Amino acid sequence: MGLRTPEQYKDALRDGREVYYRGELVPDVTAHPVIGKAVNHACIDYQLAEDPRYRELAVVSDPELGDYSRYYHIPRNTEDLLQRSRLIAASTREGATLVVLIKEIGTDALFALHVVAEEMAKRGKPEYKERVRKYYELCRDRDYGVAVAQSDVKGDRGLGPQGQAHDDYYLRVVEERADGIVVRGAKTHTSVLTNTDEVIVLPTRAMKPDDGAYSVAFALPAATKGLKLLASSYGGIPKDPFEFPISASHKMMETLTVFDEVLVPWERVFLNGETEAAGFLALTFVKFHRFTAVSYKLPLLELLAGAAQAIAEYNGIERAGHIREKLTKLATYHATVQGLIFAAAHNHEVVAPGIAVPNTLLTNVAKYQFASNYHTAVQMVQDVSGGLLVTGPAAEDWRSEATGPYLEKYYGGKKGTSAEERVRLLNLISDLTAGDYGGYQEVLAVHAEGSLEAEKLQTYREYDFATAADYARELAGIKK
Ligand SMILES: Cc1cc2nc3c(=O)[nH]c(=O)nc-3n(C[C@H](O)[C@H](O)[C@H](O)COP(=O)(O)OP(=O)(O)OC[C@H]3O[C@@H](n4cnc5c(N)ncnc54)[C@H](O)[C@@H]3O)c2cc1C
C-alpha cells in the first residue's frame, strides 16, 4: 500500500478498540468530541504527504518500494537525519506547535529495535532480527500510526520492578504459551494510542539479572483483546477558537495503558527475558526519541519569540531596553536548540546495521537546554504581554453589541493598530502560556522524553571528561 489518505487512517480507527473517557467506553474515537479532536490533529501527518508544499519532504520515492512515508525511512547519514528533523518540525508547525507524534515516536522505537535486534543476533539470538524487520515492513507498507508505551507506572520510584507493593507496577510476562507470551501490567502517559493502529512496548529501564519477567518488548494492534486504554481528561472542555486559537482545534491524548492478561504472538515479541538487553533497548530508543523531541520543539520556540516581538509592537514597547533584552534571550534560546539539532545530525554515529544515530551528547544537551529554560521563556513572554492574558474578555463579549464597542475602544494599543488584533494576539499567548494547553506544554517540557535528571545523566556519561582532564593536567605541568 505505501501511503494512506487521512480518511483511510480515520476509517481504520473504527476497529473496536477498548478506549475509556471519563469512565465510559468510547464506541468510535473518531466521533468523540475530545478524542476526535486528537484524531483530526493526527491527520496532519497524512495530509502533509498529499500537500504539494510538503510532498517532497514527507514522502520517499524508492525505485523498488515505491512511495512511502519519510518517517519510515531509516536514517543512514546526516541528510536523512536533517530531513527527518525538518519533517517533524513542519508537521508540528502545521499543528500550531503541538507535535503530531503518530509516526514520529513509533519509528524512533523501530530504529532502536533494529539496532538491538542486530546486537542480539550477535549474541546468539537471531530470531528477533527477522521479526523486527517484518514488523517494520508491515508498519511502513501500511503507513501505520504507531504509539510507544515505555513508561511503566513504577510505584515506589526508589525500587525496581521487585519488592513493590504488588508485582504489576512494571509490565511483566506472566505466562509463556505455544502461541506467544501473556503479559500483565500497565504503562502510563502513552501518547496518541487512542488513535494509532499499533503500539510498541519497550522496557523503561535497565533490569537486574533476576528481572527476567520484566525484560520484555513487543508490539500489538490497538484493538487487542485485554488491552484497555484509559484516556486522560486534561484540556477536554469545548473551546472557542477566538479565545483559544491553538487548543480549540489541536489536541494530543495520553492513556493509562492496561494490559489485562494480553496474549502477544511470538512473531511480535522482540525481547523476552534478556535482562542485559533491556537497558540497551530503553536507552537506544531515547537516543532517537530525544532528537525527535528537540526537532518538534522548534516551532514552539519560534512562536514564543515571534509572539513576544508582535505583542511588544502592539503595546508600543518594542524599543525599550528590557524588552529587547528579553527578545534577544528568546531568540538565543530558539537558535541554541536549532544549532544543537544541526550539530547532532552532523556528528551522528553509524551503528550496525548501518543506522545513523544522532549524536547522543549534543541531543541531550539540546533537550536539557530546551527543558530547563522553558518556564523562564514563558515568564518572559508573559512579562512582555501584560495581565490581559488572564483578565481578557470572552469571544461572546466581542460579538455583543452591548460590550463589543467598549472593548474596541479600551483594549487598543499603539496608535494605528486594531484592538481586536491586539486581543487576538493576547489570546494566542494566553492559550500558549496561561491556559490548560500552556500548562500541558510546561509539563511536557519537563517530563516528556525523560525528566531533566535523565538528560543530565546522559550528558555526564557522554561528555569526554578524560580528555578535558588531561588538558587541565597538561597545563598544570603534571606529567602523565
Ligand atoms: C505529556 C507527556 C507525554 C508523554 N508521552 C509518553 C509516551 O508516549 N510514551 C511513554 O512511554 N512515556 C511518555 N511520557 C512519559 C515520560 O517519559 C515520563 O513522564 C518521564 O519519564 C517521567 O516519568 P514519571 O512521569 O513517572 O515521573 P517520575 O519518574 O515519578 O519523576 C518525578 C521526579 O522523580 C525523580 N525520580 C524518579 N525516579 C527516581 C529515583 N529512582 N531516584 C531519584 N529521583 C527519581 C525524577 O527525576 C523527577 O524529578 C510522557 C509524559 C508526558 C508528560
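**Figure 1. The loop around proline 353 in the predicted model.** Proline 353 belongs to the loop that joins strand E13 (349-351) and strand E14 (355-357). The peptide bond leading from alanine 352 to proline 353 is cis. The omega angle of this bond is near 0 degrees.

**Figure 2. Threonine 97, a residue with positive phi.** The loop between helix H5 (78-94) and helix H6 (104-122) contains threonine 97. The phi angle of threonine 97 is positive, about 90 degrees, although the residue is not a glycine. Threonine 97 counts as buried because its relative accessibility is 6%, and buried means under 20%.

**Figure 3. Glutamate 449 in the loop between helices H15 and H16.** Helix H15 (436-447) precedes this loop, and helix H16 (452-462) follows it. Glutamate 449 is not a glycine, yet its phi is positive, at about 60 degrees. With a relative accessible area of 13%, glutamate 449 is buried.

**Figure 4. Helix H10 and its kink.** Helix H10 covers residues 360-385, 26 residues in total. At 1.5 Å a residue, H10 should span 38 Å, and this agrees with the 37 Å between its end C-alpha atoms. A kink of about 50 degrees is centred on tyrosine 374.

**Figure 5. The two ends of helix H10.** At the N-terminal end, asparagine 359 acts as the cap of H10. A side-chain oxygen of asparagine 359 lies 3.2 Å from the backbone nitrogen of leucine 361. Glycine 386 follows H10 and has a positive phi, near 100 degrees.

Notes:
Residues are numbered from 1 along each chain as its sequence is written. This is a predicted model: local features need pLDDT of at least 70, side-chain atom pairs count only at pLDDT 80 or more; totals for chains, interfaces and linings use all residues. Side-chain values use heavy atoms; hydrogens and water are left out. Helices (H or I, at least four residues) and strands (E, at least two) are DSSP runs, numbered from the N terminus. Buried means under 20% relative accessible area, exposed over 50%, partly exposed in between (1.4 Å probe, protein chains only). The expected span of a helix is 1.5 Å times one less than its number of residues. The bend at a residue is the angle between axes fitted to the seven residues ending there and the seven starting there. A polar contact is a pair of N or O atoms within 3.5 Å; within protein, one must be able to donate a hydrogen and the other to accept it, and residues adjacent in sequence count only if both atoms are side-chain atoms.
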